[in-house]
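Visitor: I am new to reading structures, and I would like to be taken through this one step by step. Could you show it to me before we begin?

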Protein chains: 2
Amino acid sequence: MPQPPPSGPPPVTPEADTDPSAIGRRVRALRAARGISLSALARQAGVGKATLSGLENGTRNPTLETLYAITAHLGVPLTAVLSGPTTGPTVRGAAVSATLLEVFEDSDATYELYRMRVAPGPGQLSPAHQAGVTEHVTVFTGVLRAGPADEPLTAAAGGHLRWTSDVPHVYAAVGDDEVTASLLLRYPRSKEGHLINASRR
Amino acid sequence: MPQPPPSGPPPVTPEADTDPSAIGRRVRALRAARGISLSALARQAGVGKATLSGLENGTRNPTLETLYAITAHLGVPLTAVLSGPTTGPTVRGAAVSATLLEVFEDSDATYELYRMRVAPGPGQLSPAHQAGVTEHVTVFTGVLRAGPADEPLTAAAGGHLRWTSDVPHVYAAVGDDEVTASLLLRYPRSKEGHLINASRR
DNA sequence: CTCGATCGTTCCGTTTACGGAACAGGAATG
DNA sequence: CATTCCTGTTCCGTAAACGGAACGATCGAG
């Protein structure tokens with residue numbers, strides 16, 4: 001399974017460049033593609049020409065606000081100038097590879113939605129997560145056996161599995177076909193609610 | 001400070017936020033999900049505690065470098081803390097908005113994975129799809145009533161619904177909270193072949 | 001209770017990203 | 001030719017993001 005989150009060494013996304021010069025090149029390319037001058041874009045986006053020039057040349061480490069003002073005016077999402085379009089770390093294990101599609105948080109929990117593939121073969125064992133974490137899997141293709149190591153569940157295409165993953169758990173493809181599925185990890189909000197310190201100050 | 005986008009008024013993405021407080025909340029949620037303290041994350045990511053504290057509280061406008069150092073150590077892409085990696089097409093109805101995250105094809109069916117939001121209120125009725133289409137919903141937050149119009153099902157956070165949507169079906173949030181969920185549509189490869197039989201393949 | 005460790009916030013000096021202005025080069029106009 | 005407008009870069013004072021240190025609060029151990 002993905003060992004993305006929990007405590008880790010550098011789980012690391014090798015790619016994901018925030019390399020300023022790469023970002024600068026993309027911004028410049030986008031601007032050139034639209035035939036807008038640096039001066040014009042700076043003026044319209046409400047940033048200084050010096051800022052935009054430095055950004056495009058990679059000699060600055062822009063602020064989110066600045067970068068957003070520019071990309072918004074280019075009509076592209078911020079992600080368009082951050083590493084490739086294929087942003088999103090893919091974590092791999094012996095049998096499982098998972099790509100983080102989206103992170104979602106609300107008042108009760110944080111959710112991470114992955115696209116998961118399980119290769120046929122011996123399967124993979126993942127260590128326990130912290131208490132209260134639950135996993136939800138919807139199988140698209142193939143047959144998946146997954147769940148607590150001592151009591152795995154099985155689902156075929158269209159099926160759905162759910163378990164509490166605070167114990168070691170397994171993923172394995174049943175049969176010779178690769179399994180594709182969506183994986184939703186739910187991390188309950190840390191119970192120690194000293195967030196209540198909302199006392200104004 | 002730059003005003004976001006005077007141009008292309010984004011009709012959608014009501015919260016195309018680089019809103020610093022929203023980013024701060026997401027970072028804090030991700031950190032909490034991993035059970036790491038602010039001090040520890042700051043130390044590991046090589047940023048000052050003051051920086052991380054201010055970032056999480058929305059009182060700072062971080063540079064890319066800072067934000068990347070933090071998200072990298074959380075094991076998530078930068079996009080995870082920005083409003084959305086989801087630049088995909090969004091479909092809207094009276095109560096439901098859904099963003100297409102990914103499309104999968106295999107020999108038996110085509111799958112479309114959506115992130116769905118259902119606003120509180122009267123709900124929404126959708127017409128029947130073609131024969132054999134099934135819908136799978138995993139609820140993240142709120143309580144959802146959905147399914148065939150004459151026989152809807154109900155699920156709360158963490159719950160899962162599945163039905164065959166070749167009849168008119170409904171979506172409605174139960175209670176006053178917006179529902180967020182993932183929606184998987186499965187379109188079986190047309191057996192009735194009113195298009196397919198044109199040429200075998 | 002006292003002590004020590006760690007939590008998250010706030011204070012503060014340093015660094016740097018910011019926008020405005022000044023600058024050199026190029027293209028179009030008279 | 002000079003003039004004018006534009007381009008993109010560089011200079012510079014100001015605002016603010018940065019990391020380190022100090023702070024009060026909280027928790028666990030003795």
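Guide: Let us begin with a term that we shall need: rings of Phe, Tyr and Trp count as a pair if their centres lie within 6.5 Å, and planes over 60 degrees apart count as edge-to-face. Please keep in mind throughout that this is a predicted model.

Visitor: With that term in hand, how many aromatic pairs does the structure hold over all chains?

Guide: A pair is counted when the centres of two rings lie within 6.5 Å. Over all chains, the number of aromatic pairs is two.

Visitor: Which kind of pair do the rings of B:Trp163 and B:Tyr171 make?

Guide: B:Trp163 and B:Tyr171 are both buried. A pair of aromatic rings is described by the distance of the centres and the angle of the planes. Here the centres are 6.0 Å apart and the planes of B:Trp163 and B:Tyr171 stand at 65°, so the pair is edge-to-face.

Visitor: Turning to the DNA, which element gives the most residues to the surface near DNA strand C?

Guide: DNA strand C is surrounded by 20 residues, and the closest are A:Thr51, A:Thr66, B:Ser37, B:Leu38 and B:Ser53. By class, this surface near DNA strand C has five nonpolar, 10 polar and five charged residues. The element that gives the most to it, with three residues, is helix 3 of chain B.

Visitor: What share of the atoms of DNA strand C within 4 Å of the protein belongs to sugar or phosphate?

Guide: Some contacts reach the bases, since a base oxygen of DNA strand C is 3.5 Å from an N or O atom in the side chain of A:Arg60, and another such contact joins a base oxygen to a polar side-chain atom of B:Lys49 at 3.3 Å. A phosphate oxygen of the strand, in turn, is 3.2 Å from a polar backbone atom of B:Ser39. Of the atoms of DNA strand C within 4 Å of the protein, the share that belongs to sugar or phosphate is 66%.

Visitor: How far is a phosphate oxygen of DNA strand D from an N or O atom in the side chain of B:Thr66?

Guide: DNA strand D is surrounded by 19 residues, and B:Thr66 is listed among the closest. Other phosphate contacts of this strand use the backbone: a polar backbone atom of A:Ser39 is 3.1 Å from a phosphate oxygen, and a backbone N or O atom of B:Gly48 is 2.9 Å from one. For the side chain of B:Thr66, the distance is 2.4 Å.

Visitor: Which residue follows helix 2 of chain B, and what is its phi?

Guide: The buried residues of helix 2 of chain B are B:Leu38, B:Ala40, B:Leu41, B:Ala42 and B:Ala45. What covers these buried residues includes helix 1, helix 3 and helix 4 of chain B. After helix 2 of chain B comes B:Gly46, with a positive phi near 75°.

Visitor: Finally, which element gives the most residues to the largest nonpolar core?

Guide: The largest nonpolar core has 67 residues, and those with the most contacts inside it include A:Ile70, A:Met116, A:Val137 and A:Leu144. The element that gives the most to this core, with seven residues, is helix 4 of chain A.

Visitor: And how many residues are in the other core, the one that lies apart from it?

Guide: Among the residues of that other core are B:Met116, B:Val139, B:Leu161 and B:Tyr171. The number of residues in this core is 20.

Note on methods:
Residues numbered from 1 in each chain as written. Chains lettered and ligands numbered in written order. Predicted model: local features only at pLDDT ≥ 70, side-chain atom pairs only at ≥ 80, totals over all residues. Heavy atoms only, no water. Near = heavy atom within 4 Å. Polar contact = N/O pair within 3.5 Å; in protein donor to acceptor, adjacent residues only side chain to side chain. Helix = DSSP H or I, 4+ residues; strand = E, 2+ residues; numbered from the N terminus. Nonpolar A, V, L, I, M, F, W, Y, C, P; charged D, E, K, R; others polar. Buried < 20%, exposed > 50% of the residue type's maximum accessible area, 1.4 Å probe, protein only. Contact = heavy atoms within 4.5 Å. Core = buried A, V, L, I, M, F, W, Y, C linked by side-chain atoms within 4.5 Å. Phe/Tyr/Trp six-rings, centres within 6.5 Å; stacked < 30°, edge-to-face > 60°.
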